[in-house]
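Morning, everyone. Please have the structure open while I talk. I'll take confidence, then the sheets, then the helices, then the ligand.

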Amino acid sequence: MPRTVIVSNRLPIKVQRTEDNLTFQSSEGGLATGLGSIYRADGNVWVGWPGLYVQDESEEEYVRAQLAEDSMAPVFLTESEIRDYYEGFSNGTLWPTFHYFAQLAVYDDALWQAYVAVNEKFCKAVLAQTGPEDTIWVHDYQLLLLPEMLRKARPNATIGFFLHIPFPSYELIRVLPWRDELLRGMLGADLIGFHTFGYMRHFLSAVSQLLGLANHNGQIETPTRTVLVDAFPMGIDHARYAEVAASAAAQAHVSEYREALREVRVILSIDRLDYTKGIAQRLRAFELLLQRYPEWRSQVSLLMVVVPSRDQVAQYASLKEEIDELVGRINAQYRTISWNPVHYFYRSFPLDELAALYSMAEVAMVTPMRDGMNLVAKEFVASKADQRGVLILSERAGAARELSDALIVNPTDTGQLAEALHEALVMPEEEQITRMANMQALVRQYDIFAWTKLFMDRLAYAKTQQLSLATS
Ligand code: GDG
């Protein structure tokens, strides 16, 4: 029976080294939830890096055996591979370029070589798991070359690729010295998926301008095959977020936080530490709100969670400093003995506490400079049992295409952000409920399970198209 193999840079598991052994803990990420029913099904498997440097072959065998029990197969990477392929080319070249921060991108052939070599390593690992007729679903920017590598070895396999970050305008892609190779790498797939039609159009335009391949309604004709390109906006597990937010554990946290904050209203901000997320700009907007509308002083606090991420990279470390400084400045200027303007946390929260924050916040400020989708926006919506609360959403997050009932803002326009905050704080309850109900209906219907099914169905369809072309 043909099998399905999922491939991503990281496996959905945390392996940690304690003093005398290794611990394995499944991760609760959205993708893992959505794909759970696929990779755990009989004979299927998820291939990726377990996030651990193994010490010797016997440890390798032990990790391999443990992971196999939960349908996972590891690709072991060395510290220098992670430095050059992951932190280097993936996060130092592709990430800034694809998020329109080209000035931060590094162009280093040694990093590119490492990227090619690690994609080849993934290819080998996937081939070891698959037969000629299997279905392979590759995820994200760390593995752009993998579809073509797999295609060469398995001409008849069904290969899907999904990009979780934006695909930028041709003008950014053309700057990359390795642009043609990257596009050809992706075109090894039968189906290429993006979060939005905008990203899809950028990709089609880059393929046409750089490789001279035209498309008809998102169908690209290469000399040997047809590649389908489409938009699949990713969803979340709506039911789970609604359930956790309403749970006794989360509600106990809400009461505890409420007591500590008393009557102060809460604006929530949650992101990984990243320059794409607009965290510093958001702080400036909050500062401007307090300047322009002194009546909100002592009445509103910004609760800001920044989850540590990539902090070995210089740009991330300096962003962290900038945030620390801004928070310090705002709090020093406005705080009173009984009121703290910004509650800033540089750490992650367990899910029930996160759900409590979503549930208690009056306003969520999701204002990235660029974001493929942004799941925080959808999680906030799903957690609002009483449908009260306002989402302020950047027009440059993929989620803005769907959540049009949010207050949509330009994240670089600090004045507009401050006004949106004020508007959110004075919005009549009735309007809040209408907007939230509309957004909930959408997030509920297009959840992570619907997303997975849609992609897999379309992938099967892409393959039948391919076969009918081959026989006609
Ligand atoms: C990439 C793209 C795209 C955050 N803080 C805590 C916590 N989180 C969880 C959130 C959410 C996830 O992390 C973040 O997802 P995002 O979508 O917002 O952003 P990226 O990590 O940049 O993800 C993005 C996504 O891929 C999917 O395609 O939407 O555009 O950049 O689920 O809940 N979870 C817990 N504690 C925290 O403190 N437990």
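What is the mean pLDDT of the protein chain? The mean is 95. Of the chain's residues, 99% reach 70 or more. Keep in mind that this is a predicted model. For the model scores, ipTM is 0.98 and pTM is 0.97.

Now the sheets. Start with the one built from 9 strands. It is open, and its pairing is mixed. Read the order across as β5-β4-β1-β6-β7-β8-β11-β10-β9. Which strands are at the edges? They are β5, residues 72–74, and β9, residues 215–216. Each of those two pairs on one side only.

Go inside that order, to β6 and β7. Strand β6 covers residues 135–139, and strand β7 covers 158–162. They pair in the parallel sense, over 5 bridges. To find the register, put I136 on screen: I159 in β7 stands opposite.

Next, the sheet of 6 strands. This one is also open, but here the pairing is parallel. The order is β14-β13-β12-β15-β16-β17. Why is one side of β14 and of β17 left without a neighbour in the sheet? Because β14, at 342–345, and β17, at 407–409, stand at the edges, and each has a single partner strand. Neighbouring strands in this sheet are turned by 20° against each other on average, ignoring direction.

Look at the β14 edge. Its link to β13, residues 300–307, consists of 4 bridges, and the two strands run parallel. V305 faces F345 across that pair.

On to the helices. Two packed helices are described by the angle between their axes and by the distance between those axes. I have two pairs, and α5 is in both.

Pair one is α4, residues 109–129, with α5, residues 146–153. The angle is about 45°, and the axes are 9 Å apart. So α4 and α5 are oblique to each other. Their crossing is right-handed.

Pair two is α5 with α7, residues 179–186. Here the axes come within 5 Å and cross at roughly 55°. That angle makes α5 oblique to α7 as well. Left-handed or right-handed? The crossing of α5 past α7 is left-handed.

Last stop, the ligand. How many residues surround it? The count is 19. The closest are H164, S348, G372, M373 and L375. By character, the shell divides into 11 nonpolar, 5 polar and 3 charged residues.

Where do shell residues come from? Four elements each supply at least two: β12 at 265–272, β13, α13 at 351–360 and α14 at 375–382. Which element gives the largest share of the shell? That is α14, with 3 residues. Two of the suppliers, β12 and β13, sit side by side in the order of the parallel sheet.

That's my tour. Over to you.

Conventions:
Residues are numbered from 1 along each chain as its sequence is written. This is a predicted model: local features need pLDDT of at least 70, side-chain atom pairs count only at pLDDT 80 or more; totals for chains, interfaces and linings use all residues. pLDDT is the predictor's confidence in each residue, from 0 to 100. Two strands pair if DSSP finds at least two bridges between them. Axes are lines fitted to C-alpha atoms, for helices over the stretch in contact, and angles run from 0 to 180 degrees between N-to-C directions. A residue is near a molecule or strand if its C-beta atom, placed from the backbone, lies within 6 Å of it. Ala, Val, Leu, Ile, Met, Phe, Trp, Tyr, Cys and Pro count as nonpolar, Asp, Glu, Lys and Arg as charged, and the others, Gly among them, as polar. Angles under 35 degrees count as roughly parallel, over 145 as roughly antiparallel, 65 to 115 as roughly perpendicular and the rest as oblique. A crossing is left-handed if the near helix is turned anticlockwise from the far one by less than a right angle, and right-handed if clockwise.
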